[in-house]
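Student: I'm new to this one. Can we look at it together and talk through the terms?

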Amino acid sequence: MKKKRFFDCITIGVSSGGLNALMILFKDLPVDFSVPIVVVQHAKADSGDILAGLLNSKTELRVKTAEEKEELKAGFVYICPANYHLLIEENKTVSLSVEPLVNFARPSIDVLFETASLAYGSHLIGIVLTGASSDGAKGLAQIKNYGGYTIIQDPKTAYSSYMPDAAISACDNPDEILPLEDISARLVDLCRERSS
Amino acid sequence: MNHTKRETNVDNENIEVNLLIEAIRLKYGYDFSGYSRASLKRRIKKRLLDSGSLSISGMINNLLYEKDFFDQLLLDLSINVTEMFRDPLFFKEIRDKVIPELAKLSSVKIWHAGCSTGEEVYSMAIILKEAGIYDKCQIFATDFNQVVLEKAKQGVLSIVNLKQYTQNYQKSGGTGSFTDWYTAKYDLVKLKTTLRKNIMFADHNLATDGVFSEMDLVMCRNVLIYFDRPLQNRVFRLFTDSLTQDGFLTIGSKESIHFSGIADEYDQFSQTQKIFRKI
């Protein structure tokens with residue numbers, strides 16, 4: 001009998017070329033999308049919280065900057081604030097931290113992925129998109145190790161292929177390597193299994 | 001598949017973390033039970049990797065019998081990332097809005113709670129000097145970690161950060177030149193000792209200690225984010241009980257007094273920064 005999968009959270013890591021990639025990814029996600037999405041986008045420390053506003057007008061989902069202690073809810077996309085790490089607690093709430101840079105970055109994708117994998121285990125989808133960094137590779141491997149579902153943007157379709165390439169080398173047999181344009185439809189499929 | 005190996009491992013690890021926290025509390029009196037778990041766990045695991053211990057529970061033996069091991073762990077468990085004039089616009093708002101209010105008082109008491117290595121304490125001292133009210137201020141800078149307090153007392157900065165700090169100082173509305181406030185020798189930058197005159201560095205643990213004086217300004221930025229809600233509420237209560245009427249409370253830009261049980265006791269003093277005034 002085929003094992004029934006369902007997912008409670010999607011974590012996304014993205015660096016250079018991120019704004020465009022996220023716009024394309026979120027544009028086709030429906031308003032009733034049933035799984036919360038948490039995004040780490042590398043950004044300059046003083047860049048403020050503009051990303052959520054920019055994305056909000058491009059999707060039916062509600063995009064907001066994540067706040068500490070916030071409980072993750074379906075229908076929302078949570079953006080990690082600049083200059084903070086975002087950690088997910090096992091009770092599915094957000095913690096923020098100004099701990100030292102990890103992989104030269106704060107926020108770090110690895111920090112998000114590693115804590116999310118502890119909180120959600122096999123009910124987590126991890127996605128690595130475009131970027132010129134190796135951040136996220138180790139974290140995606142941990143998501144895979146803990147039974148989660150791993151998707152990497154096809155490096156050929158990435159603005160910067162370095163980060164997808166690093167994730168592919170680090171992650172033993174990722175579940176899917178997809179062109180950016182195909183990821184949102186795939187997410188709708190994967191997460192529909194939850195509601196049925 | 002109701003209980004996989006992964007889930008067993010995560011459960012065991014959580015038991016080990018709880019035991020470690022309890023061992024620290026029983027042996028040394030530091031209470032980390034109210035700290036946000038994900039970050040605490042990351043830091044414990046980092047120490048595990050660096051220490052060569054085989055497991056978190058193995059570290060319990062180390063910390064009980066080796067004081068040096070515990071001291072290092074304690075350093076890892078406190079987060080000591082700070083800057084001179086971190087978030088310059090916050091300090092600009094202090095200069096522009098809070099200082100004129102403090103200037104009206106005959107004497108001023110300021111508490112930097114969780115001061116770490118002291119960069120914000122000295123930043124504030126510079127602002128008080130430039131505003132000409134330093135001499136009537138008594139400044140308390142507290143942390144639970146003796147090692148960082150000692151460092152704070154030295155008032156020494158690393159030269160690699162100097163460019164950033166100078167920019168921060170300027171953006172914060174500095175009225176002179178940042179070079180007025182330090183002497184540089186080799187790769188170290190020593191802050192002027194005149195800044196230290198009215199600062200008292202002291203051991204105080206927000207998780208376990210109480211009110212120790214009546215304050216006109218409490219600064220505690222990016223400390224509360226590491227605490228769970230009950231501990232946050234405890235600390236907010238402590239600050240509120242420590243403040244005079246019309247006293248100021250400042251917290252980090254991503255911290256909130258909503259849900260804290262004390263929000264009604266404050267007016268929002270600034271539109272742009274997390275500065276509150278006790279009613």
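Student: What do the buried residues of helix 3 of chain B pack against?

Tutor: They pack against helix 1 (5-28), helix 2 (37-51) and helix 4 (67-77) of chain B. Contact means C-beta atoms, placed from the backbone, within 7 Å, and helices (H or I, at least four residues) and strands (E, at least two) are DSSP runs numbered from the N terminus. This is a predicted model: local features need pLDDT of at least 70, side-chain atom pairs count only at pLDDT 80 or more, and totals for chains, interfaces and linings use all residues. Residues are numbered from 1 along each chain as its sequence is written, while chains are lettered from A and ligands numbered from 1 in the order written.

Student: Which residues of helix 3 of chain B are buried?

Tutor: I56(B), M59(B) and L63(B). They span an arc of only 40° around the axis, so they sit on the same side of the helix; the arc is taken from the directions from the helix axis to the C-beta atoms. Exposed N61(B) and Y65(B) are on the face turned away from that buried side.

Student: Why is Y186(B) called exposed?

Tutor: A residue is exposed with 12 or fewer other C-beta atoms within 10 Å of its own, buried with 20 or more, and partly exposed in between. Y186(B) has 6 such neighbours, so it counts as exposed.

Student: And what makes N103(A) partly exposed?

Tutor: N103(A) has 17 other C-beta atoms within 10 Å, so it falls in between. N103(A) lies in the loop between strand 6 and helix 3 of chain A.

Methods:
Contact = placed C-beta atoms within 7 Å.
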